[in-house]
Each structure stands twice: as C-alpha cells, then as structure tokens.
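Trainee: Can we go through this one label by label? I'd like to hear the reasoning behind each term before I use it at the bench.

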Amino acid sequence: MYPKVRFRGFDEPWKNKKFLTFSSKITKNSTSDDIDFPRIEFENIVSGEGKLAQNRSKLNHIKSGIKFDKGDILFGKLRPYLKNWWLAEFPGVAVGDFWVIRAKDNRYFLYYLIQAPLFEKVSNYTTGTKMPRSDWNYVSNTFFKLPKIDEQEKIGRILDKVDSLLSLQQRKLELENKLKKQIAFYLYSFTLTPNFKHIEVKNKKLGDIVNISNGIMGDSQKKSGNFKLTRIETISNGKIDLSRTGYIDQVSDEKKFLEVGDILYSNINSLTHIGKNAIVKEKHLPLVHGINLFRLHITNNQITPNYLHGLLNLPKYKWWVKSHANPAVNQASINKTELSSLVIKYPDLDIQNQINNINYSFAQYWDIQYSKKESLCQLKQFLLQNLFI
C-alpha cells in the first residue's frame, strides 16, 4: 500500500478505490450550438506525448462527437496501446473512439494515473479483434490505490513540471532542426562564406560513386542472437538506433557486415519517409545489413561518407527520390537502377572536409540537446513507475 518513491512528510498507506469513484465518463454529445468548438480526432494527438499535432485554429470542422471542457481527459479507447491521451487545454468536441474522463478530485493526478503501468495494463484488456477497444465496464470497476488529495496534488504537479520541460525541449529541438536545415542549404550551395565562392563542382551519378546492395533475410522481430540485424525501424530517427534491430545467429557472407562510413538508405517505406538514411559509425559495429534497407558503400575516393550523407538529406535530393519512387497503397519504393541515376554534385575533398567539420559541430550540439530530451523521458517513466502503486 506504499509507493516505491514518495514525497517527504507522507507516510499513510494508500487506499483501494474503484476507478468510477474518483472519475466519471462524460457522454454528452455535441449540438448545433457547438459548431465553433475545436474538433479533436486521433490524428490530432501525438501518440505517447499527450500533445496536439496541430494548432488549435486548424481544428475547426463540422463533425459530431462528445463535448468536453478544459481539464477533461481524452483517452483513445480504440487500440489503447497507441497511447492517444490528452489533458484538454480548452473546451471542444472529441470525435471518434474517445472516452472523455473527468476527475472528481485532482485532474493532474488522474491524467498521469492513466499513463502509469497499472492503468495501461487494465485498459489494454480489450474487446474485439480487428478493432480492439478498451472495456469501460472493466476499467471503471478496477481498483486503484490512491493517496490523500494533498499527496495527489504533489504527484500531479511534479509530473506536469516534467511534461512542461519535455515540451520546451522538444520545441527547442524543432527550432534547432529548422536552423540546421537552413545552414545545410547555405553550406551545400557554397554561399555561407566568401571562401566558398567560385568552387569547382563535379557531377556524378550516384551509381558511379557508391555500390548499392540489398541486405539479407532474417527475423526482424528476433529478440536475441549473435549479431544485430538492421530493419526499417533502425534508422527511423535518421540515426542508427541499436535498440531497434532484429538479430541473426549466423552470417554466411562476410560482406553483409556493415563498415564504418556505409550509409543505410530507406528504399521501401511510406512516401513521407522514403529516402531517410543514416551513416554507420564505429560504435554501431558489429552490425549486419538486413533486408528492406539499401546499403550505400562508397567506391569513389573523391567523396567522403559524411559529405554524401549530408547531401542525401538535402530537400532537393529527398524530393528527387520521392518523385522517382513507385507509389503503392501503403508504401512506396525505389529500385537500385533508378536510385543509381541520381546525379550528385560535390566539390574537392578540402571543401568537403571544411563542411564536414561545421556539420560535426552542429551534430555534437544536437546530440547534447537530444540527450536532454531522452533523460527527461526516462525521468518521467521512472516517476510513473514509482510514484504510483
């Protein structure tokens, strides 16, 4: 009856209470009088972050739903593992498979309770197979352990502070990413400094610069093995994430081991993400090249891996890949022949290295800021797991 982590001054045991005794589900539908209220749908909420993906002004459309007030909690009951929840910052209308939950005591405590492990487990007890939904009767009659109101307030307040810091850090990263893209434009167009004027630029097809190869089959969902195996998710953040790999026990072809400077390139993905790429560094090895990502291995000593990696992330090259991809219903793809025809422009090695050095400085700063965000995420998870029972 006691949490693992507790504020000083509180020592009373928590009490068992049914969910429906400290919260209520709002079911009042919107009316014609609510036409000016913002409409919130699943796609408007950033999954797992509890924030809106769009500005409030872009949420006005005519759809019916459940009317909610500021301070109510929207919980996505359809596929609850997607973590579509939001603490309403203004009144509006919830469109689709939402529960609108209203706290009887402290709304911040309730909001973070639904993010804690026990509620996550209970809400994922679903009905339906193709369209699984949380069962309100089951959730509302489940017992949760609660402290007194003043301790609830402290728990809700500290988690709200962490969320505020996370939002600020995310906003900082977004602004710095815009700056990073603008600097990249000036760097690669050789207009950043007077030293870059009148530079001789070479034009080569990508196929004349790199060897493009496919990876090997393996179990991308395998949780352990002798070697890590790349999959599409490995580079979903534009960097190699070793926590998002499959595994393989044996590799018959030694050439399938990636090398420092190789570039993993997303050739099969949604049209939005096709062309995403990441560069292999020493810290990633040993790593095996898996299927559904191209491996670009430089064969021309006139271009450096870091410079090519920067080029491939420029908007004009991303646009070229999207315009030459073969679209499908759920994903697009580009083949080796087509990608090989992409014309790459680059200066001599001295200029490349100057640009690489500038990019390296920005990358280091970016990594520090990203690490701060990750630390805040870890802190929040620690608090959710230890401030609640």
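Mentor: Let's take the rings, then a long helix, then a few single residues, bearing in mind that this is a predicted model.

Trainee: What makes the Phe75 and Phe119 pair edge-to-face?

Mentor: Two numbers. The ring centres are 5.4 Å apart, and a pair needs them within 6.5 Å. The planes of Phe75 and Phe119 stand at 90 degrees, and over 60 counts as edge-to-face. It's one of 20 aromatic pairs found in the whole structure.

Trainee: Which parts of the chain does that pair tie together?

Mentor: Phe75 is in strand β7 and Phe119 in helix α3, so the pair joins parts that are 44 residues apart in sequence. Ring pairs also link both into a cluster with Phe19, Phe22, Trp99, Trp136 and Phe144.

Trainee: How do you know whether Phe75 is buried or exposed?

Mentor: Set its value against the cut-off: buried means under 20% relative accessible area. Phe75 comes out at 2%, so it is buried. Phe119 is at 0%, so it is buried too.

Trainee: Why is the Phe227 and Phe257 pair given its label?

Mentor: Same logic. The centres are 5.1 Å apart and the planes are at 80 degrees, so this pair is edge-to-face. Phe227 sits in strand β16, while Phe257 is in the loop between β17 and β18, 30 residues away.

Trainee: And why is Phe227 called partly exposed?

Mentor: Its relative accessible area is 25%, and partly exposed covers the range between 20% and 50%. Phe257, at 17%, falls under the 20% mark, so it is buried.

Trainee: What makes you say that Lys180 sits over the ring of Trp366?

Mentor: The charged end of Lys180 is 5.4 Å from the ring centre of Trp366, and the limit is within 6 Å, along with an angle within 35 degrees of the ring normal. Lys154 does likewise over the face of Phe7, at 5.9 Å from the ring centre.

Trainee: How do you know that the length of helix α10 agrees with what it should span?

Mentor: Its 38 residues, at 1.5 Å a residue, should span 56 Å, and the end C-alpha atoms are 53 Å apart, so the two agree. Trp366 is one of its buried residues, and others include Ile351, Ile355, Leu376 and Leu383. Among the elements covering those buried residues are α2, α3 and α5. At the start of α10, a side-chain oxygen of Asp348 comes within 3.2 Å of the backbone nitrogen of Asp350.

Trainee: Why is Thr299 called exposed?

Mentor: Its relative accessible area is 53%, and exposed means over 50%. Thr299 lies in the loop between β21 and α7. Beyond its neighbours within four places in sequence, Thr299 still contacts Asp208, Ile209, Val210 and Asn211.

Trainee: What about Ser140, buried or exposed?

Mentor: Buried: it has 4% relative accessibility. Ser140 is in helix α4, and a polar atom of its side chain lies 2.7 Å from the backbone oxygen of Trp136. The backbone oxygen of Asn137 is 3.3 Å from a polar atom of that side chain.

Trainee: What makes those two count as polar contacts of Ser140?

Mentor: The distances of 2.7 Å and 3.3 Å are both within the 3.5 Å limit.

Notes:
Residues numbered from 1 in each chain as written. Predicted model: local features only at pLDDT ≥ 70, side-chain atom pairs only at ≥ 80, totals over all residues. Heavy atoms only, no water. Phe/Tyr/Trp six-rings, centres within 6.5 Å; stacked < 30°, edge-to-face > 60°. Helix = DSSP H or I, 4+ residues; strand = E, 2+ residues; numbered from the N terminus. Buried < 20%, exposed > 50% of the residue type's maximum accessible area, 1.4 Å probe, protein only. Expected span 1.5 Å × (residues − 1). Contact = heavy atoms within 4.5 Å. Polar contact = N/O pair within 3.5 Å; in protein donor to acceptor, adjacent residues only side chain to side chain.
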